[in-house]
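Dear colleague,

Please find below the structure I promised to pass on to you. My notes on the contacts between protein and DNA follow it.

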There are 2 protein chains.
Amino acid sequence: MHYSIGEVSDITGIAASTLRYYDREGMFPAMERSSGGIRVFSETELATLKVIACLKSSGMPIKDIKEFLDWCQEGDPSIGKRREMFHRRLTEVESQIAELERTRNMLRYKCWYYDTASEAGTEDAVRDLPDDAIPEDLRDYRI
Amino acid sequence: MHYSIGEVSDITGIAASTLRYYDREGMFPAMERSSGGIRVFSETELATLKVIACLKSSGMPIKDIKEFLDWCQEGDPSIGKRREMFHRRLTEVESQIAELERTRNMLRYKCWYYDTASEAGTEDAVRDLPDDAIPEDLRDYRI
DNA sequence: ATAGAAGTTAAAGTCAACTTGAGGTCAAGC
DNA sequence: GCTTGACCTCAAGTTGACTTTAACTTCTAT
């Protein structure tokens, strides 16, 4: 199947200007053009966009994603590099999750703090409470 | 206890230029200065920095954090607003975690994919494998 | 054949969150 | 008194990831 830039934008929710920007950066090396110079996206480019989305949401910068896509073009000889890259990315995302979970726990503490203050109508009711007045699962996340 | 900007930078790992920038943005409304005009950080500012770190790692922009800190200055009347803000932030972080977990699973699939390709020496060995040749827990994350 | 929607380019603009640079001041030890 | 390192301000620069603009072309439907 073939798609115009507008169709791809509608399918993926990515702005056409962003797709042009990715193209300018060389992320779609195999993309074709109509005789009049109009971009023709195919399944290949849609697959690339999925990989871009995955790597982007793992926090990888565009230029590193571009480098990875270049490795894909090189074929089998670059399998090792690509494998290592994904393992590093996985480790990275796992620590991002751990950090976000810590953040979530601090926010849970703050929610409890403000629920309590809100009920009392004043922060004085919570500010200097001893640790054992704090729900056990939130105690370590007091800030 | 009182700290110089350099000490706070060492304690927190935040660059002195960043601390000055935060100060310029009005995040330390109670911070004092020495007679010579030098910033004197106290426990109050260290506590603020912890809140800033928490909200920043939840993805909140600096100007919204500033707005929250302004609410804190208003005292008890703003407890409701602050409470709602933390509840929204918690919801937000929970969906960020869910999205990152999805990303992690896609990366796990890619790790398996490249482990397999690497062992075989060629991507041909994995590219078009049927779904049931993929580890069950990764099947849904094929990209 | 023509209108208008959708596409094209290159270059400039935007935004957040800092960081850097220039030029000057403060504070502690000798 | 003087050096030296840490501090100060203000303005400008940086980075990444887009987005916008202007001027133009192509495609599609009537």
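The element that contributes most to the surface near DNA strand D is H2(A), which supplies 5 residues. Please bear in mind that this is a predicted model.

**DNA strand D**

In total, 21 residues surround DNA strand D, and the closest of them are A:Thr18, A:Tyr22, B:Gly6, B:Arg20 and B:Arg39. Sorted by class, the residues of this surface comprise 8 nonpolar, 7 polar and 6 charged.

Which part of the strand faces the protein? Of the atoms of DNA strand D within 4 Å of the protein, 84% are sugar or phosphate atoms, and the rest belong to bases.

Several polar contacts involve phosphate oxygens of this strand. A:Thr18 places a polar side-chain atom 2.3 Å from a phosphate oxygen of DNA strand D. For B:Arg39, an N or O atom of the side chain is 2.8 Å from a phosphate oxygen of DNA strand D, and for B:Arg33 the distance from a polar side-chain atom to a phosphate oxygen of the strand is 3.1 Å. Two or more residues of the surface near DNA strand D come from each of helix H2 (16-24) and helix H4 (62-74) of chain A and helix H1 (5-12) of chain B.

**DNA strand C**

Around DNA strand C there are 20 residues, of which A:Gly6, A:Arg20, A:Arg39, B:Thr18 and B:Tyr22 come nearest. This surface has 7 nonpolar, 7 polar and 6 charged residues. Sugar or phosphate accounts for 84% of the atoms of DNA strand C within 4 Å of the protein, with bases making up the rest.

At least two residues of the surface near DNA strand C are supplied by each of helix H1 (5-12) of chain A and helices H2 (16-24) and H4 (62-74) of chain B. H2(B) gives the most, with 5 residues.

Where does a side chain approach a base of this strand? A polar side-chain atom of B:Arg24 lies 3.5 Å from a base oxygen of DNA strand C. Phosphate oxygens of DNA strand C are also approached: one is 3.4 Å from an N or O atom in the side chain of B:Lys56, and a backbone N or O atom of B:Ile62 lies 3.2 Å from a phosphate oxygen.

**Annotation of chain A**

An unreviewed UniProt entry places the feature "domain: HTH merR-type" at residues 2-71 of chain A. Over these residues the chain is 60% helix and 6% strand, and the C-alpha atoms at the two ends are 25 Å apart.

With kind regards

Key. Residues numbered from 1 in each chain as written. Chains lettered and ligands numbered in written order. Predicted model: local features only at pLDDT ≥ 70, side-chain atom pairs only at ≥ 80, totals over all residues. Heavy atoms only, no water. Near = heavy atom within 4 Å. Polar contact = N/O pair within 3.5 Å; in protein donor to acceptor, adjacent residues only side chain to side chain. Helix = DSSP H or I, 4+ residues; strand = E, 2+ residues; numbered from the N terminus. Nonpolar A, V, L, I, M, F, W, Y, C, P; charged D, E, K, R; others polar. UniProt positions renumbered as here; feature names shortened; annotations may be inferred.
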